[in-house]
Amino acid sequence: MKIFVRLLVVMLTLILTNPIHAQVDLSYYLPQDVTYDPNIPTPKSVIGHEVGEWHITHDKLVYYMRALASASDRITIEEIGTTHEDRPQIVLTITSPNNHQNINKIRTDHVWLTYPNESDKLDLSTMPSVVYMGFSIHGNESSGSNAALAVAYYMAAAQGALIEEALRNTVVLLDPSMNPDGLTRFSTWANMHKSKNINPDPNDREYSEVWPRGRTNHYWFDLNRDWLPVQQPESQNRIVKFHEWKPNILTDHHEMGTNSTFFFQPGVPARTHPLTPKLNQELTEKVGTYHAAALDNLGSLYYTKEGYDDFYYGKGSTFPDINGAVGILFEQASSRGHAQESANGILRFPFTIRNQFTAALSTWKAAVEMREELLNYQKDFYNQVIRDANSDDVKAYIFKAEKDPVRSYHLADILNRQEIDFYRPSRRIRLDGEEYAQDNSYIVPLKQRNYKIIKAMFEKRIDFEDSLFYDISGWTYPLAFNLEYKEMSGRDYGGNQLGEKVEELEFPQGTITGGESNYAYAFEWHGYFAPRAANRLLSKGLRLKTATKKFSAYEEDEEREFDYGTILVPVANQNLNSKEIYQEMQRIASEDGIDVYAMPTGMTGSVSLGSNSFSPLELPKIALVVESGSSYDAGEIWHLLDTRMQMHVTKLPAGRLGSSVINRYNTIIMTGGVGMSDSGIENLKQWVRNGGTIIGTTNAVRWLSSNKFTNLQFKSAERPDGSEVPYDQISNFQRAQFIPGGVFMSELELSHPMAFGYYKKELPTFRRGNTMIEASTNLYSNPGRYTDSPLLSGYISGENLEAIKGTSTVRVSAMGRGRVVSLVDNPNFRAFWYGTNKLMMNGIFFSRIVNASAAR
């Protein structure tokens with residue numbers, strides 16, 4: 001018995017002294033050169049465990065922050081909105097009690113710094129700097145949100161002259177969880193797999209999240225790419241707070257690979273976007289000296305000016321750079337659980353938290369000591385943008401969507417959220433043969449304080465200092481929305497073209513021409529929400545047909561032509577009576593922004609309404625393959641169909657794709673390859689032969705071809721000669737051959753069902769990656785292909801540019817009675833590529849009516 005007791009004591013001693021298992025308390029993180037107010041609750045006293053003992057759950061995080069705000073006169077808390085899953089997004093405002101008493105004036109004065117006509121009236125020597133600290137926008141990079149517990153406690157409880165000075169001279173906006181839904185998903189995963197005896201073996205399930213992982217939000221979007229397009233509610237809520245304060249520094253706390261160390265900006269100098277001022281990078285580097293000193297003091301390894309860049313303005317660390325602020329990215333090597341083996345030894349979760357905590361405090365110190373420098377920079381930045389606007393050859397942008405005002409409305413909505421002023425034209429304007437009317441167009445003058453944001457959205461850029469990009473290289477918004485738009489030069493724009501400033505943006509309303517009909521209704525497929533309208537009618541059991549040819553009808557003695565893809569809704573022999581159908585048409589006009597036409601007779605020009613040129617439509621029954629392929633791409637499809645088109649979509653696990661359950665659906669969408677048995681693949685092929693449609697995007701295109709669902713011919717660019725490339729540049733040389741993401745012009749064959757709803761053959765397309773398909777020798781088999789001069793905006797190597805010319809963007813292949821649609825590029829990119837969403841919707845609604853001879 002004594003031997004057993006001695007062995008037990010030895011084992012417990014080994015466990016408790018083993019650094020993997022040893023639990024730290026709050027003092028592990030906190031500086032010991034200050035005292036702490038005992039009246040301020042520690043995290044453990046509220047959430048029940050030490051910081052880093054468990055991965056903080058979002059509910060406990062919010063609970064603690066509310067308790068802290070109740071206990072401290074340095075902190076107020078605000079709920080700025082909710083996520084898709086109705087979790088609260090909170091921001092803490094941390095400053096001195098005296099500042100809190102004048103917080104509205106402090107905020108107003110600070111924002112006046114961004115107005116050149118007002119900023120000279122302000123005394124910068126008395127103004128605090130503003131710091132926005134954002135944690136864990138990627139939910140599974142959770143050391144940030146866990147560090148936020150300690151950061152908030154420190155700012156509330158630390159005492160001393162230096163602390164009082166810091167509180168007096170700064171306002172800290174602390175966003176402890178920028179992605180509540182993702183953090184919840186990941187913390188659940190990490191905590192449910194935690195062992196009492198923590199196992200650092202990287203093969204343990206704790207460190208291998210299942211698809212789609214906790215990085216993304218509810219719809220699997222990367223919120224750290226959404227600062228500029230603001231398509232997700234988390235981003236829309238946050239951007240209001242950002243513009244409400246216009247901070248001087250914004251920090252963005254992330255994690256990276258386990259075998260890395262710690263990164264802080266600046267990034268690679270040659271990969272900084274040209275719109276970012278040089279002084280911005282100099283200030284970023286100066287702030288970096290504070291991080292270096294703090295991490296040196298800890299003995300933590302780090303690096304800077306490598307790997308990451310400041311190019312794409314949709315990222316949280318780059319977006320501030322065009323807003324007069326300094327954006328700073330932190331990347332901490334990730335334990336991805338509680339402790340994991342790494343090239344630098346056992347990487348423990350508390351260690352990762354401490355580095356993030358330390359970087360937050362070094363940022364705070366920089367904001368205090370560089371206060372006037374940062375405020376002067378912000379003031380000068382906004383004075384300079386007016387000078388830049390005055391010297392810019394472009395004076396304004398004008399845009400419209402002639403036959404689909406909803407698309408232009410949604411771009412205007414982004415402008416509105418980014419506090420950009422825009423106007424209706426004062427009169428009809430004609431530029432390069434295109435007419436812009438007062439009721440369907442918008443003008444965005446460049447001479448305004450958010451000039452840099454406008455340029456970032458609207459400019460086309462094809463010349464670059466470097467050929468490597470951490471993210472995409474081109475994103476021109478009016479091209480993404482497939483709008484008619486023009487740059488207005490000084491010759492085109494004198495200011496008198498500006499009509500009424502748009503103060504309240506209103507959703508476009510459609511009309512019903514001809515009133516109630518007892519015969520039929522028609523609406524064209526041009527409208528962005530036409531698929532939503534059609535699906536709603538089909539769901540109510542109504543029979544719909546689509547026009548495979550153009551036809552004409554008389555409207556008040558004037559002939560009106562209806563385009564390919566026009567939806568015909570007969571009134572007779574339907575589940576709803578004529579009055580109920582008319583009410584549905586009113587709803588389409590009101591909610592979907594679509595013009596509806598009452599058809600009093602079937603006798604129309606050239607093609608009568610009873611003609612076989614009208615093909616019946618089938619209610620889509622959609623399965624979206626998940627647990628394989630890109631979760632980003634799948635999430636974008638789910639989001640498009642669910643939130644915009646209001647369509648049912650089943651998220652079908654890839655493992656069920658080869659089973660009989662697929663017989664419930666008539667459309668299957670894939671974003672990547674799937675591991676399937678031969679019998680499973682044959683079962684899927686038989687489903688297609690029986691009349692099903694598979695839509696494959698990006699990586700799924702190759703999988704479908706290699707498994708003989710299609711017979712596409714792929715093309716590769718010539719490889720450039722790399723024989724003279726130095727050894728240390730080989731990796732960069734190879735990466736430069738990848739198309740990182742840009743805008744390319746394609747052409748559509750407008751009579752093809754895959755092009756229904758488009759009224760111009762030119763279609764700007766987002767492309768990322770090197771998959772290229774040789775065009776078919778049959779013109780009618782190429783609904784879409786790249787032009788001979790495809791590059792519009794972004795980087796592409798010369799070899800890839802030559803290879804991509806004339807290749808297919810869309811192909812439809814026949815297999816029995818079914819069809820396989822290959823979309824080479826992603827038509828739903830990050831939810832703001834409105835212009836190509838219709839390709840996905842056309843594949844869902846119209847692929848089955850594609851003639852077999854054209855499906856090769």
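## A tour of the predicted model

This protein has 24 helices and 37 strands. Please keep in mind as you browse that the model is predicted.

**Overall build**

Let us start with the whole chain. A compact globule of 856 residues would have a radius of gyration near 29 Å, and the protein agrees because its own value is 29 Å. Measured out along the principal axes, its C-alpha trace covers about 95 × 80 × 65 Å. Of the 856 residues, 62% count as buried. Contacts across the sequence are well represented too: taking those with a separation of 6 or more, 78% join residues 24 or more positions apart.

Turning to the outside, the accessible surface amounts to about 32900 Å², and carbon and sulfur atoms hold 47% of that area. As for charge, the protein carries 86 positive and 100 negative charges, and the mean positions of the two sets lie 4 Å apart.

**Two residues side by side**

Here are two residues worth a visit, with the relative accessibility of each.

| Residue | Place | Relative accessibility |
|---|---|---|
| Q232 | loop between α9 (180-192) and α10 (233-245) | 0%, buried |
| I77 | strand β2 (residues 75-82) | 26%, partly exposed |

What surrounds Q232, leaving out residues up to four places away in sequence? Q232 touches H84, N217, F221, L223, D226, H639 and A831. With N217 there is also a polar contact, in which the two side chains come to 3.0 Å. Q232 counts as buried because its relative accessibility of 0% is under the 20% cut-off.

I77, for its part, is in contact with M65, R66, A69, I90, V91 and L92, once its neighbours within four places in sequence are set aside. One of these partners, V91, is 14 residues away in sequence, while the C-alpha atoms of I77 and V91 are 5.9 Å apart in space. At 26%, I77 falls between the 20% and 50% cut-offs, so I77 is partly exposed.

**A covered helix**

Finally, how many of the residues of helix α15 (residues 451-458) are buried? The count is eight of eight, and the helix is mostly covered. The buried residues of α15 are Y451, K452, I453, I454, K455, A456, M457 and F458. In an α-helix, residues three or four places apart point the same way, because there are 3.6 residues a turn. In α15 the buried set includes Y451 and K452 as well as M457 and F458.

Methods:
Residues numbered from 1 in each chain as written. Predicted model: local features only at pLDDT ≥ 70, side-chain atom pairs only at ≥ 80, totals over all residues. Heavy atoms only, no water. Helix = DSSP H or I, 4+ residues; strand = E, 2+ residues; numbered from the N terminus. Rg over C-alpha atoms; globule rule 2.2 N^0.38 Å. Buried < 20%, exposed > 50% of the residue type's maximum accessible area, 1.4 Å probe, protein only. Contact = heavy atoms within 4.5 Å. Areas by Shrake-Rupley, 256 points an atom, 1.4 Å probe, with all protein chains shown as cover. Lys, Arg positive; Asp, Glu negative; His and termini not counted. Charge placed at Lys NZ, Arg CZ, Asp CG, Glu CD. Polar contact = N/O pair within 3.5 Å; in protein donor to acceptor, adjacent residues only side chain to side chain.
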